[in-house]
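Got your viewer open? Let's take a walk through this one together, stop by stop.

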Amino acid sequence: MAISHYLKDIGRGKEGARSLDRTQAADLLGQVLDGTASDLEVGAFCIAMRVKGETPEEMAGFLDAIHQRLPRLAAPERPLVVLPSYNGARKLPLLTPLLALLLARQGLCVLVHGSATEERRASSADVLAHLGMAPQQVLRTPAPGSVAYAPTALLLPGLERLLQVRRVLGLRNSAHSLVKLLDPLAHQGLRSIVVGSYTHPEYAQSMAATFALTGACALLLRGTEGEPVADPRRTPQMDAFLHGQPQRVQDAQGGPLAALPSLPTAIDAAHTAAWIRSVLDGAQPVPAPIAQQVEHILRLAAQMTTEPAHAVHRPTAPPAPH
(Lines give C-alpha, C1' and ligand atoms only; values in the text may rest on other atoms or scores of the structure.)
Protein backbone atom coordinates (compact mmCIF):
# COMPACT_ATOMS: atom_id res chain seq x y z
CA MET A 1 0.00 0.00 0.00
CA ALA A 2 1.33 3.46 -0.90
CA ILE A 3 1.82 6.09 1.79
CA SER A 4 0.09 8.86 -0.19
CA HIS A 5 -3.02 8.75 2.01
CA TYR A 6 -0.85 9.36 5.07
CA LEU A 7 0.94 12.22 3.31
CA LYS A 8 -2.42 13.91 2.72
CA ASP A 9 -2.96 13.96 6.49
CA ILE A 10 0.49 14.99 7.69
CA GLY A 11 1.41 17.24 4.77
CA ARG A 12 -1.13 20.06 5.18
CA GLY A 13 1.22 22.39 7.03
CA LYS A 14 1.74 23.07 10.71
CA GLU A 15 -1.84 24.27 11.32
CA GLY A 16 -3.78 22.03 8.93
CA ALA A 17 -1.97 18.70 9.37
CA ARG A 18 -3.63 15.81 11.18
CA SER A 19 -1.56 13.59 13.44
CA LEU A 20 -1.54 9.82 13.01
CA ASP A 21 -2.38 7.28 15.66
CA ARG A 22 0.25 4.79 16.79
CA THR A 23 -0.82 1.99 14.43
CA GLN A 24 -0.94 4.31 11.42
CA ALA A 25 2.49 5.74 12.26
CA ALA A 26 3.92 2.22 12.51
CA ASP A 27 2.46 1.31 9.12
CA LEU A 28 3.77 4.49 7.49
CA LEU A 29 7.33 4.18 8.72
CA GLY A 30 7.31 0.44 8.11
CA GLN A 31 6.71 1.07 4.41
CA VAL A 32 9.48 3.67 4.37
CA LEU A 33 11.92 1.28 6.09
CA ASP A 34 11.00 -1.62 3.79
CA GLY A 35 11.71 0.45 0.68
CA THR A 36 8.20 0.20 -0.75
CA ALA A 37 7.73 3.99 -0.73
CA SER A 38 9.19 5.94 -3.65
CA ASP A 39 12.05 8.40 -3.18
CA LEU A 40 9.59 11.23 -3.80
CA GLU A 41 7.25 9.90 -1.11
CA VAL A 42 10.12 9.50 1.35
CA GLY A 43 11.22 13.08 0.75
CA ALA A 44 7.64 14.30 1.19
CA PHE A 45 7.36 12.32 4.44
CA CYS A 46 10.57 13.85 5.80
CA ILE A 47 9.54 17.42 4.96
CA ALA A 48 5.95 16.97 6.16
CA MET A 49 7.04 15.65 9.56
CA ARG A 50 9.68 18.35 9.82
CA VAL A 51 7.01 21.04 9.35
CA LYS A 52 4.29 19.37 11.44
CA GLY A 53 6.44 17.95 14.21
CA GLU A 54 6.04 14.45 15.61
CA THR A 55 3.63 13.69 18.44
CA PRO A 56 4.75 11.23 21.14
CA GLU A 57 2.15 8.74 19.83
CA GLU A 58 3.60 9.01 16.33
CA MET A 59 7.10 8.54 17.70
CA ALA A 60 5.91 5.46 19.61
CA GLY A 61 4.43 4.08 16.39
CA PHE A 62 7.60 4.81 14.45
CA LEU A 63 9.58 2.97 17.14
CA ASP A 64 7.18 0.02 16.89
CA ALA A 65 8.01 -0.21 13.18
CA ILE A 66 11.73 -0.07 13.89
CA HIS A 67 11.62 -2.58 16.73
CA GLN A 68 9.60 -5.07 14.66
CA ARG A 69 12.35 -5.04 12.02
CA LEU A 70 15.46 -5.20 14.20
CA PRO A 71 17.37 -8.50 14.21
CA ARG A 72 16.89 -10.62 17.29
CA LEU A 73 19.68 -10.50 19.83
CA ALA A 74 20.58 -13.09 22.43
CA ALA A 75 19.32 -12.08 25.86
CA PRO A 76 22.16 -10.32 27.71
CA GLU A 77 23.58 -11.88 30.86
CA ARG A 78 23.66 -8.46 32.51
CA PRO A 79 21.58 -5.35 31.71
CA LEU A 80 22.33 -3.97 28.26
CA VAL A 81 23.11 -0.24 28.11
CA VAL A 82 22.49 1.36 24.72
CA LEU A 83 24.40 4.54 23.82
CA PRO A 84 23.20 6.20 20.59
CA SER A 85 26.14 8.20 19.25
CA TYR A 86 25.28 10.33 16.22
CA ASN A 87 26.44 13.91 16.79
CA GLY A 88 30.18 13.59 17.27
CA ALA A 89 32.63 16.19 18.55
CA ARG A 90 32.13 19.83 17.59
CA LYS A 91 33.69 22.01 20.31
CA LEU A 92 34.26 19.51 23.12
CA PRO A 93 35.97 16.10 23.10
CA LEU A 94 33.71 13.13 22.37
CA LEU A 95 33.52 11.21 25.65
CA THR A 96 30.74 8.74 24.83
CA PRO A 97 33.41 5.99 24.51
CA LEU A 98 34.65 6.86 28.02
CA LEU A 99 31.13 6.47 29.39
CA ALA A 100 30.81 3.13 27.59
CA LEU A 101 34.08 1.80 28.96
CA LEU A 102 33.33 2.95 32.52
CA LEU A 103 29.99 1.13 32.39
CA ALA A 104 31.65 -2.00 31.02
CA ARG A 105 34.13 -1.86 33.91
CA GLN A 106 31.12 -2.28 36.17
CA GLY A 107 30.17 -5.50 34.41
CA LEU A 108 27.38 -4.18 32.21
CA CYS A 109 26.91 -5.04 28.53
CA VAL A 110 27.31 -1.86 26.46
CA LEU A 111 26.19 -1.33 22.87
CA VAL A 112 27.14 1.92 21.11
CA HIS A 113 25.47 2.50 17.76
CA GLY A 114 25.90 5.31 15.28
CA SER A 115 26.30 6.51 11.74
CA ALA A 116 28.49 9.02 9.93
CA THR A 117 25.87 11.76 9.76
CA GLU A 118 28.38 14.46 10.72
CA GLU A 119 31.40 13.79 8.51
CA ARG A 120 33.50 16.73 9.70
CA ARG A 121 33.34 15.64 13.33
CA ALA A 122 35.17 12.89 15.21
CA SER A 123 32.79 10.00 15.84
CA SER A 124 32.59 7.32 18.50
CA ALA A 125 33.58 4.80 15.84
CA ASP A 126 36.76 6.81 15.24
CA VAL A 127 37.62 7.10 18.93
CA LEU A 128 36.88 3.43 19.63
CA ALA A 129 39.05 2.43 16.67
CA HIS A 130 41.97 4.31 18.25
CA LEU A 131 41.23 2.37 21.43
CA GLY A 132 41.51 -0.92 19.54
CA MET A 133 37.79 -1.66 19.08
CA ALA A 134 36.53 -2.24 15.54
CA PRO A 135 32.83 -2.01 14.56
CA GLN A 136 30.82 -5.20 14.65
CA GLN A 137 30.46 -7.01 11.33
CA VAL A 138 27.70 -9.28 12.66
CA LEU A 139 25.29 -7.92 15.24
CA ARG A 140 25.76 -9.69 18.56
CA THR A 141 24.88 -8.98 22.17
CA PRO A 142 27.96 -7.64 23.99
CA ALA A 143 29.28 -9.86 26.74
CA PRO A 144 29.16 -8.58 30.33
CA GLY A 145 31.99 -6.13 30.90
CA SER A 146 32.47 -5.35 27.22
CA VAL A 147 31.67 -2.64 24.68
CA ALA A 148 30.50 -3.22 21.11
CA TYR A 149 29.99 -0.65 18.37
CA ALA A 150 27.27 -1.34 15.78
CA PRO A 151 26.85 0.84 12.68
CA THR A 152 23.20 1.76 12.12
CA ALA A 153 23.23 -0.11 8.80
CA LEU A 154 23.94 -3.30 10.76
CA LEU A 155 20.96 -2.68 13.04
CA LEU A 156 18.53 -1.79 10.25
CA PRO A 157 19.56 -0.82 6.69
CA GLY A 158 16.28 1.00 6.07
CA LEU A 159 16.91 3.25 9.05
CA GLU A 160 20.40 4.06 7.77
CA ARG A 161 18.92 4.96 4.37
CA LEU A 162 16.47 7.33 6.06
CA LEU A 163 19.30 9.00 7.99
CA GLN A 164 21.18 9.56 4.75
CA VAL A 165 18.23 11.45 3.21
CA ARG A 166 19.73 14.43 5.03
CA ARG A 167 22.53 14.50 2.48
CA VAL A 168 19.94 15.19 -0.24
CA LEU A 169 17.50 17.46 1.60
CA GLY A 170 20.00 19.19 3.87
CA LEU A 171 17.62 18.79 6.83
CA ARG A 172 17.32 16.39 9.73
CA ASN A 173 14.27 14.11 9.73
CA SER A 174 12.41 11.87 12.17
CA ALA A 175 15.08 9.18 11.93
CA HIS A 176 17.60 11.42 13.67
CA SER A 177 15.36 11.48 16.75
CA LEU A 178 14.30 7.84 16.53
CA VAL A 179 17.85 6.48 16.66
CA LYS A 180 18.22 8.12 20.08
CA LEU A 181 15.19 6.24 21.41
CA LEU A 182 15.33 2.74 19.92
CA ASP A 183 15.75 -0.31 22.13
CA PRO A 184 17.29 -3.34 20.38
CA LEU A 185 15.60 -5.73 22.85
CA ALA A 186 12.11 -4.21 22.92
CA HIS A 187 10.43 -6.52 20.40
CA GLN A 188 11.70 -9.56 22.30
CA GLY A 189 9.84 -8.60 25.46
CA LEU A 190 13.09 -7.49 27.09
CA ARG A 191 14.47 -4.07 27.93
CA SER A 192 17.75 -2.25 27.55
CA ILE A 193 18.73 0.93 29.36
CA VAL A 194 18.61 3.50 26.57
CA VAL A 195 20.62 6.62 27.35
CA GLY A 196 18.73 9.33 25.50
CA SER A 197 20.09 12.84 25.02
CA TYR A 198 18.68 16.10 23.78
CA THR A 199 20.07 19.52 22.93
CA HIS A 200 16.96 21.73 22.90
CA PRO A 201 14.63 21.74 25.95
CA GLU A 202 11.47 21.04 23.91
CA TYR A 203 12.93 17.66 22.95
CA ALA A 204 13.21 16.75 26.63
CA GLN A 205 9.42 16.82 26.90
CA SER A 206 8.74 14.88 23.71
CA MET A 207 11.40 12.25 24.46
CA ALA A 208 10.11 11.81 28.00
CA ALA A 209 6.54 11.36 26.71
CA THR A 210 7.73 8.78 24.17
CA PHE A 211 9.70 6.85 26.79
CA ALA A 212 6.54 6.80 28.94
CA LEU A 213 4.31 5.60 26.08
CA THR A 214 6.69 2.81 25.10
CA GLY A 215 7.42 1.65 28.65
CA ALA A 216 11.12 2.29 28.23
CA CYS A 217 13.92 1.82 30.70
CA ALA A 218 16.08 4.85 30.07
CA LEU A 219 18.18 7.70 31.35
CA LEU A 220 17.37 11.05 29.75
CA LEU A 221 19.70 14.04 29.96
CA ARG A 222 20.92 17.07 28.09
CA GLY A 223 24.02 15.49 26.64
CA THR A 224 27.26 16.97 25.40
CA GLU A 225 26.57 18.47 21.96
CA GLY A 226 23.82 15.91 21.41
CA GLU A 227 25.87 12.91 22.58
CA PRO A 228 24.52 10.68 25.42
CA VAL A 229 27.31 11.59 27.85
CA ALA A 230 27.12 14.24 30.56
CA ASP A 231 28.98 17.49 30.00
CA PRO A 232 32.28 16.95 31.87
CA ARG A 233 32.22 20.58 33.08
CA ARG A 234 28.74 20.83 34.62
CA THR A 235 26.30 18.14 35.78
CA PRO A 236 23.04 18.24 33.80
CA GLN A 237 19.57 17.26 34.95
CA MET A 238 18.96 13.52 34.60
CA ASP A 239 15.66 11.63 34.60
CA ALA A 240 15.42 7.86 34.89
CA PHE A 241 12.57 5.81 33.42
CA LEU A 242 11.76 2.37 34.79
CA HIS A 243 9.31 0.73 32.39
CA GLY A 244 8.01 4.14 31.43
CA GLN A 245 7.72 5.52 34.96
CA PRO A 246 9.84 8.70 35.32
CA GLN A 247 11.90 9.77 38.29
CA ARG A 248 14.17 12.79 38.65
CA VAL A 249 17.50 11.37 39.80
CA GLN A 250 19.77 14.37 39.28
CA ASP A 251 19.13 18.10 39.39
CA ALA A 252 21.11 20.36 37.11
CA GLN A 253 24.18 21.90 38.69
CA GLY A 254 23.68 25.62 39.22
CA GLY A 255 25.89 28.58 40.01
CA PRO A 256 29.40 29.36 38.82
CA LEU A 257 31.87 26.55 38.28
CA ALA A 258 34.49 26.28 41.02
CA ALA A 259 36.95 24.53 38.72
CA LEU A 260 37.16 23.04 35.25
CA PRO A 261 38.24 19.44 34.65
CA SER A 262 41.41 18.73 32.75
CA LEU A 263 40.27 17.82 29.23
CA PRO A 264 42.19 17.00 26.04
CA THR A 265 43.42 20.13 24.31
CA ALA A 266 42.56 18.72 20.86
CA ILE A 267 39.25 17.04 20.05
CA ASP A 268 40.34 14.76 17.19
CA ALA A 269 39.85 11.03 17.68
CA ALA A 270 43.51 10.22 18.41
CA HIS A 271 43.93 12.83 21.17
CA THR A 272 40.54 11.97 22.67
CA ALA A 273 41.36 8.25 22.75
CA ALA A 274 44.73 8.93 24.40
CA TRP A 275 43.05 11.04 27.08
CA ILE A 276 40.38 8.38 27.69
CA ARG A 277 43.12 5.80 28.09
CA SER A 278 44.81 8.03 30.70
CA VAL A 279 41.53 8.25 32.64
CA LEU A 280 41.04 4.49 32.55
CA ASP A 281 44.65 4.02 33.73
CA GLY A 282 44.06 6.37 36.67
CA ALA A 283 46.40 9.12 35.48
CA GLN A 284 43.43 11.50 35.09
CA PRO A 285 40.29 11.63 37.27
CA VAL A 286 36.91 10.73 35.83
CA PRO A 287 35.00 14.02 35.38
CA ALA A 288 32.48 14.24 38.23
CA PRO A 289 29.35 14.63 36.02
CA ILE A 290 30.25 11.48 34.06
CA ALA A 291 30.97 9.57 37.28
CA GLN A 292 27.51 10.61 38.54
CA GLN A 293 25.93 9.49 35.28
CA VAL A 294 27.57 6.07 35.64
CA GLU A 295 26.15 5.75 39.16
CA HIS A 296 22.62 6.60 38.01
CA ILE A 297 22.80 4.00 35.24
CA LEU A 298 24.08 1.38 37.69
CA ARG A 299 21.19 2.11 40.06
CA LEU A 300 18.70 1.81 37.22
CA ALA A 301 20.28 -1.50 36.18
CA ALA A 302 19.95 -2.76 39.75
CA GLN A 303 16.27 -1.73 39.82
CA MET A 304 15.63 -3.58 36.57
CA THR A 305 17.25 -6.70 37.99
CA THR A 306 15.42 -6.73 41.32
CA GLU A 307 11.98 -5.39 40.34
CA PRO A 308 9.19 -8.02 40.53
CA ALA A 309 7.73 -8.85 37.12
CA HIS A 310 4.24 -7.64 38.12
CA ALA A 311 5.34 -4.40 39.74
CA VAL A 312 5.03 -2.02 36.81
CA HIS A 313 2.59 -1.91 33.92
CA ARG A 314 4.53 -2.26 30.69
CA PRO A 315 2.88 -0.69 27.65
CA THR A 316 2.96 -2.97 24.64
CA ALA A 317 3.12 -2.14 20.99
CA PRO A 318 -0.01 -2.62 18.89
CA PRO A 319 0.16 -5.49 16.41
CA ALA A 320 1.89 -4.82 13.12
CA PRO A 321 -0.53 -3.88 10.32
CA HIS A 322 -1.26 -6.58 7.78
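Start with the rings: this is a predicted model, and it holds two aromatic pairs. For the first stop, select Phe-45 and Phe-62. They form an edge-to-face pair, with 5.9 Å from centre to centre and 85° between the planes. Colour the backbone around them and you'll find Phe-45 in helix 4 (residues 39–52) and Phe-62 in helix 5, so to speak two ends of a link between distant parts of the chain, 17 residues apart. Switch on a surface and look for the two rings: Phe-45 is buried, and Phe-62 is buried too.

Now select the other pair, Phe-211 and Phe-241. Here the ring centres are 5.4 Å apart and the planes sit at 50°, so this pair counts as tilted. Phe-211 belongs to helix 12 and Phe-241 to strand 6 (residues 238–242), so the pair ties together parts that are 30 residues apart in sequence. Are these two rings buried or exposed? Phe-211 is buried, with a relative accessible area of 1%, and Phe-241 counts as buried as well, at 2%.

**Two helices crossing**

You've now touched helix 5 and helix 12, and they deserve a stop of their own. Two packed helices are described by the angle between their axes and the distance between those axes. Select residues 56–69 for helix 5 and 201–214 for helix 12: they pack at an angle of about 55°, with axes 9 Å apart. An angle like that makes helix 5 and helix 12 oblique to each other. Helix 5 passes helix 12 in a right-handed crossing.

To see where they touch, show side chains. On the helix 5 side, pick Pro-56, Glu-57, Met-59, Ala-60 and Leu-63; they meet Ser-206, Ala-209, Thr-210, Leu-213 and Thr-214 in helix 12. Colour this contact by residue type and you get six nonpolar residues, three polar and one charged.

**Another pair of helices**

Next, select helix 3 (residues 22–34) and helix 9 (residues 157–164). Their axes are 8 Å apart and the packing angle is about 90°. How do helix 3 and helix 9 lie to each other? They are roughly perpendicular, as follows from that angle. From helix 3, Leu-29, Val-32, Leu-33 and Asp-34 meet Gly-158, Leu-159, Arg-161 and Leu-162 of helix 9. By type, this contact holds five nonpolar residues, one polar and two charged.

Stay on helix 9 for a moment, since it is mostly covered: six of its eight residues are buried. Highlight Gly-158, Leu-159, Glu-160, Leu-162, Leu-163 and Gln-164 to see the buried ones. Then bring in what covers them, including helix 3, helix 4, helix 5, helix 8 (152–155), helix 10 (166–169) and helix 11 (174–178).

**An enclosed helix**

Now jump to helix 6, residues 96–105. Nine of its 10 residues are buried, so helix 6 is largely enclosed by the rest of the structure. Select Thr-96, Pro-97, Leu-98, Leu-99, Ala-100, Leu-101, Leu-102, Leu-103 and Ala-104 for the buried set. These residues pack against strand 1, strand 2 (109–114), helix 7 (124–130), strand 3 (146–151), helix 13 (269–280) and helix 14 (288–306). Beyond the end of helix 6, click on Gly-107, which has a positive phi, near 90°.

On the other side, in the loop between strand 1 (80–84) and helix 6, select Leu-94. Leu-94 is buried, with a relative accessible area of 2%. Draw a distance from its C-alpha to that of Ser-123: they are 7.3 Å apart in space, though 29 residues apart in sequence. Leaving out residues up to four places away in sequence, Leu-94 touches Gly-88, Ala-89, Ala-122, Ser-123, Ser-124, Val-127, Glu-227, Thr-272 and Ile-276.

**Two backbone oddments**

Last stop: two residues to check for phi. Glu-225 has a positive phi of about 50°, although it is not a glycine. Find Glu-225 in the loop between strand 5 (217–222) and strand 6; at 17% relative accessibility it counts as buried, since the cut-off is under 20%.

Then select His-243, in the loop between strand 6 and strand 7 (245–250). His-243 has a phi near 50°, again a positive value in a residue other than glycine. At 6% relative accessibility, His-243 counts as buried.

Conventions:
Residues are numbered from 1 along each chain as its sequence is written. This is a predicted model: local features need pLDDT of at least 70, side-chain atom pairs count only at pLDDT 80 or more; totals for chains, interfaces and linings use all residues. Side-chain values use heavy atoms; hydrogens and water are left out. Axes are lines fitted to C-alpha atoms, for helices over the stretch in contact, and angles run from 0 to 180 degrees between N-to-C directions. Helices (H or I, at least four residues) and strands (E, at least two) are DSSP runs, numbered from the N terminus. Angles under 35 degrees count as roughly parallel, over 145 as roughly antiparallel, 65 to 115 as roughly perpendicular and the rest as oblique. A crossing is left-handed if the near helix is turned anticlockwise from the far one by less than a right angle, and right-handed if clockwise. Contact means heavy atoms within 4.5 Å. Ala, Val, Leu, Ile, Met, Phe, Trp, Tyr, Cys and Pro count as nonpolar, Asp, Glu, Lys and Arg as charged, and the others, Gly among them, as polar. Rings of Phe, Tyr and Trp (its six-membered ring) pair if their centres lie within 6.5 Å; planes under 30 degrees apart count as stacked, over 60 as edge-to-face and the rest as tilted. Buried means under 20% relative accessible area, exposed over 50%, partly exposed in between (1.4 Å probe, protein chains only).
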